[in-house]
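Work through the exercises below with the sequence and the structure beside you, and try each task before you read its solution.

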Amino acid sequence: MLGVVSSASSGPAERLNLERGYQNMYNLDFTAAHDVFHGYQQAYPDDPMGYVSNAAAYLFAEFDRLHVLQADLFTDDQKFEQRGKLAPDLAVKTQFESELQRGSSAASKILAQHPDDPNALFAQVMADGLQGDYTALIEKRNVASLSYMKGSRLLAEKLLVIDPTCYDAYLAVGVENYILGLNAAPVRWLLHLAGSQTDKEEGLHRLRLTADKGHYLAPFARLLLAVAALRDKDRPTARVLLAGLAKEFPGNQLYVAELARIQ
């Protein structure tokens, strides 16, 4: 399925062109991804998806450079907590934040006139989620990232009432529930009091919806499910997910390396 449809874009051909940028991004061809997203921005300057998609490419490039998405980092809680402070590329950070700002500004203009516009809502869901990921995984500001995670989830829930078939939006709900659901019961209780959602099984269910039926974010959801399977000592499921990703994105050696590690 093609996901949400922008009021600013012209049709399936343009959305497929945007998809090509995500395919390049997951294949770690960030130069090609930026070229696609810049072209989309020029063709559809009022569509926030061009800007937040380009921000995603900057973020994933930093993830790749800093080896952020290696599965063993997320399956070993002690290793995750004791991970060293990363050295972000400040030029990339500036570009990342600039694209997020442009995307949020474009989304806000649309939502001021059309508060239920699915494309603008989804763009803002992505913007908040991307900012939260950068804050937590690169800057190591876990507490600060909670507000972005919560904001992304709340917008996703609003969007899903309008369009339950926007399967990419389930990722935001799934991520918050699964990640926060890993905490001990007293911590979950405190997070719940603060308005966060902490149901691990519900999180996995939502992640599977994105992985099975999503569009732009389906490969990322499948990677998260592989990590979740490894945490649960379910290597067969992790192998199936990683093998599928490695086949679909042969330029991404992360999938190959993680698959070899658990064979």
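**Exercise 1. A pair of helices, α3 and α7**

Task: Find which residues of α3 meet which residues of α7, and decide whether the two helices are roughly parallel or oblique to each other.

Solution. Begin with the contacts in this predicted model: on the side of α3 they are made by Pro48, Met49, Val52, Ala55, Ala56, Leu59, Glu62, Phe63 and Leu66, and these meet Asn119, Ala120, Phe122, Ala123, Met126, Ala127, Leu130, Asp133, Tyr134, Leu137 and Ile138 in α7. Next, look at the axes, which come within 9 Å and cross at roughly 20°. Angles under 35 degrees count as roughly parallel, and therefore α3 and α7 are roughly parallel to each other. Finally, the crossing in which α3 passes α7 is left-handed.

**Exercise 2. Two residues of α3**

Task: Phenylalanine 63 and arginine 65 are both to be placed; state for phenylalanine 63 and for arginine 65 whether the residue is buried or partly exposed, and list what each one contacts beyond its neighbours within four places in sequence.

Solution. Phenylalanine 63 has its place in helix α3, which covers residues 48-66, and arginine 65 is found in helix α3 as well. Buried means under 20% relative accessible area, so phenylalanine 63, at 3%, counts as buried. Arginine 65 has a relative accessibility of 40% and counts as partly exposed.

Now turn to the contacts, leaving aside neighbours within four places in sequence. Phenylalanine 63 is in contact with Val68, Leu69, Asp133, Leu137 and Ile138. With isoleucine 138, which is 75 residues away along the chain, the separation of the C-alpha atoms is 7.9 Å. For arginine 65 the contacts are Ala87, Pro88 and Asp89. The C-alpha atoms of arginine 65 and proline 88 are 9.3 Å from each other, with their positions 23 residues apart along the chain.

**Exercise 3. The two sides of α2**

Task: Which residues of α2 are buried, and why can they be said to lie on the same side of the helix?

Solution. First describe the helix: α2 runs over residues 30-43, has 14 residues, and reaches 20 Å from its first C-alpha to its last, which is close to the 20 Å expected at 1.5 Å a residue. Then pick out its buried residues, which are Phe30, Ala33, His34, Val36, Phe37, Tyr40 and Gln41. Because they cover an arc of only 160° around the axis, they are on the same side of α2. A general rule helps in reading such a pattern: an α-helix has 3.6 residues a turn, so residues three or four places apart point the same way. To complete the picture, the face of α2 turned away from the buried side carries the exposed residues Thr31, Asp35 and Gln42.

**Exercise 4. A second pair, and an arginine in it**

Task: Describe how α11 and α12 pack, and then say where arginine 222 is placed and whether it is buried or exposed.

Solution. Helix α11 covers residues 200-213 and helix α12 residues 218-231; their axes are 7 Å apart, and the packing angle is about 140°. The two helices are therefore oblique to each other, and their crossing is left-handed. From α11 the contact involves Leu204, Leu207, Arg208, Thr210 and Ala211, while from α12 it involves Ala218, Ala221, Arg222, Leu224, Leu225 and Ala228.

Arginine 222 has its place in helix α12, and with a relative accessible area of 16% it is buried. Apart from neighbours within four places in sequence, arginine 222 is in contact with Ala211, Leu241, Leu245, Glu248 and Phe249.

**Exercise 5. Positive phi in two loops**

Task: In which loops do lysine 140 and lysine 233 lie, and what is the phi of lysine 140 and of lysine 233?

Solution. Keep in mind that most residues other than glycine have a negative phi. Lysine 140 is not a glycine, yet its phi is positive, at about 60°. This lysine 140 lies in the loop between α7 (118-138) and α8 (142-162), and at 32% relative accessibility it counts as partly exposed. For lysine 233, phi is near 65°, again a positive value in a residue other than glycine. Lysine 233 lies in the loop between α12 and α13 (235-248), and it is exposed, with a relative accessible area of 72%.

Methods
Residues numbered from 1 in each chain as written. Predicted model: local features only at pLDDT ≥ 70, side-chain atom pairs only at ≥ 80, totals over all residues. Heavy atoms only, no water. Helix = DSSP H or I, 4+ residues; strand = E, 2+ residues; numbered from the N terminus. Expected span 1.5 Å × (residues − 1). Buried < 20%, exposed > 50% of the residue type's maximum accessible area, 1.4 Å probe, protein only. Arc of directions from axis to C-beta. Axes fitted to C-alpha atoms, helices over the stretch in contact; angles between N-to-C directions. Parallel < 35°, antiparallel > 145°, perpendicular 65-115°, else oblique. Left-handed = near helix turned anticlockwise from the far one by under 90°. Contact = heavy atoms within 4.5 Å.
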